[in-house]
Amino acid sequence: MTRVFSGVKPTGHLTLGNYLGAMRQWAAEDQHRSDALFCVVDLHALTVDHDPARVRRLSRQAASLLLAAGLDPELCTVFVQSHVDEHARLSYVLECVATDGEMRRMIQYKEKAARERERGGSVRLSLLTYPVLMAADILAYGTDEVPVGHDQTQHVELARDLAVRFNQRYGHTFVVPKATNPAVAARVMNLQEPASKMGKSDDVGPGIVYVLDEPDVVRKKVMRAVTDSGREVVYDRAARPGLANLLEILAACTGGEPAELAEAYDAYGALKKDVAEAVVEVLRPLRKRHQELCADPGYVEGVLRDGAEKARAMARPTVDAAYRAIGLLPPVADTVVNAAR
Ligand code: TYM
């Protein structure tokens, strides 16, 4: 059976981009057709300036949103990254296979490091090595497919490169994974800055729809979305990025094709209204289920405990094999020591 792994980072409240670009497909398709693991990658949230209490809060919230989005612990494994030591164990070994130049070429590193320096802050070393930890997340589970939005494709490519390089140097150990993207909405853009991705840790709040936004807040944000000059409603990503983003969001929510949907409109106002209502409807069941789960924190904790236990058992043999292959001495088992005495 195909093994699928993906994750979400608790650095901010989850957005419509996270939902349409990743989580929705995990719930609707991936968990049914594969042996799937979905992870709240809390170690990754420590790579930028952070508040410990907020990371804890957002990690709990992300876990319950994954369940609210429809992940079913009977069908897939849901867990928190830091509960499974194998991620950090494998990450170090992969750092010994990755190169400094390769890390510095990562687009997200370049962008985030530049932003951090502009603010006068310092760049954490873990921001540079982040993609190696992400590769460890993926490779520890013998993952075949990694369903992600477009922004993560380069990181999954790195995981592929590291798997191939490790296997060539030290013998076949890792499955070589590949990224998969949703057909539409693989890159939902900020409603106020259609040239930038709708990212949860960005500063431009009015352009970001959070999955837990009240319906009226969603409506307001969509109605105020920046559109391009020009009157006709046409789907053209390069020339009319604001409009294209709205059409893609509508397509993702209603199941149509952006270019075909455009034909039904002759004014931006009517399109925005329909987009707003479509988004409100897509998020409605998720918000409702999330409220129910908030009233039952014991359930979410139980899911995470069981998930971590399952994940540990899945990752351990591969990570042990990588340790042996790269030349680390296996610990002497107690039984052997006792027998030798
Ligand atoms: P993160 O937390 O930024 O995003 C989680 C998922 O949501 C997708 N996504 C989007 N898709 C479309 N449009 C957007 N505007 C948008 N914003 C986010 C992301 O592509 C992602 O699929 N590094 C990862 C987390 C991670 C991971 C992993 C993922 C760590 N280890 C191993 C897969 C496998 C990240 O920061 O995702």
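Two strands count as paired here if DSSP finds at least two bridges between them. With four bridges, β2 and strand β3 (residues 77-80) clear that bar, and the two run parallel. This is a predicted model, and the tour below goes from its strands to its ligand, with stops at Arg-3 and Ala-185 along the way.

**How the strands line up**
- β2 also has β1 as a partner: these two pair in the parallel sense over six bridges.
- Between β1 and β2, Arg-3 stands opposite Asp-35 of β2.
- Moving on to β2 and β3, Cys-39 has Phe-79 in β3 as its bridge partner, while Phe-38 stands opposite Val-78 in β3.
- As for the connections, β1, α1 and β2 together make a β-α-β unit that is right-handed.
- From β2 the chain crosses through helix α2 (residues 52-68) to reach β3, and this β-α-β crossover is right-handed.

**What is tucked away in the strands**
- Strand β2 (residues 35-40) is largely enclosed by the rest of the structure, because five of its six residues are buried.
- In β3, Thr-77 and Phe-79 point one way, Val-78 and Val-80 point the other way, and all are buried.
- So Phe-79, the β3 bridge partner of Cys-39, is a buried residue, since buried means under 20% relative accessible area and β3 has Phe-79 among its buried residues.

**A closer look at Arg-3**
- Arg-3 is part of strand β1.
- Is this arginine buried or exposed? Arg-3 counts as buried, because its relative accessibility is 16% and the cut-off for buried is under 20%.
- Its charged neighbour across the strands is also a contact: the side chain of Arg-3 makes a polar contact with the side chain of Asp-35, at 2.9 Å.
- The Arg-3 side chain also reaches the backbone oxygen of Tyr-141, at 2.8 Å.

**An unusual backbone angle at Ala-185**
- Ala-185 has a phi near 70°, which is a positive value in a residue other than glycine.
- Where does Ala-185 sit? Its place is in the loop between β5 (178-180) and α8 (215-223).
- Ala-185 counts as buried, because its relative accessibility is 5%.

**Around the ligand**
- There are 27 residues around the ligand, and those that come nearest are Tyr-130, Asp-137, Asp-151, Val-188 and Lys-200.
- By type, the shell residues divide into 13 nonpolar, eight polar and six charged.
- Which atoms of Lys-9 lie 2.8 Å from a ligand oxygen? For Lys-9 it is a backbone N or O atom.
- Asp-151 uses its side chain instead, with an N or O atom there 2.5 Å from an oxygen atom of the ligand.
- Gln-152 has a side-chain N or O atom 3.0 Å from a nitrogen atom of the ligand.
- Taken alone, the ligand exposes 720 Å², and the protein buries 98% of that.
- The elements giving two or more residues to this shell are β1 (3-8), α1 (16-33) and α6 (125-139).

Definitions and conventions. Residues numbered from 1 in each chain as written. Predicted model: local features only at pLDDT ≥ 70, side-chain atom pairs only at ≥ 80, totals over all residues. Heavy atoms only, no water. Near = heavy atom within 4 Å. Polar contact = N/O pair within 3.5 Å; in protein donor to acceptor, adjacent residues only side chain to side chain. Areas by Shrake-Rupley, 256 points an atom, 1.4 Å probe, with all protein chains shown as cover. Nonpolar A, V, L, I, M, F, W, Y, C, P; charged D, E, K, R; others polar. Buried < 20%, exposed > 50% of the residue type's maximum accessible area, 1.4 Å probe, protein only. Right-handed = clockwise from strand over helix to strand, strands pointing away.
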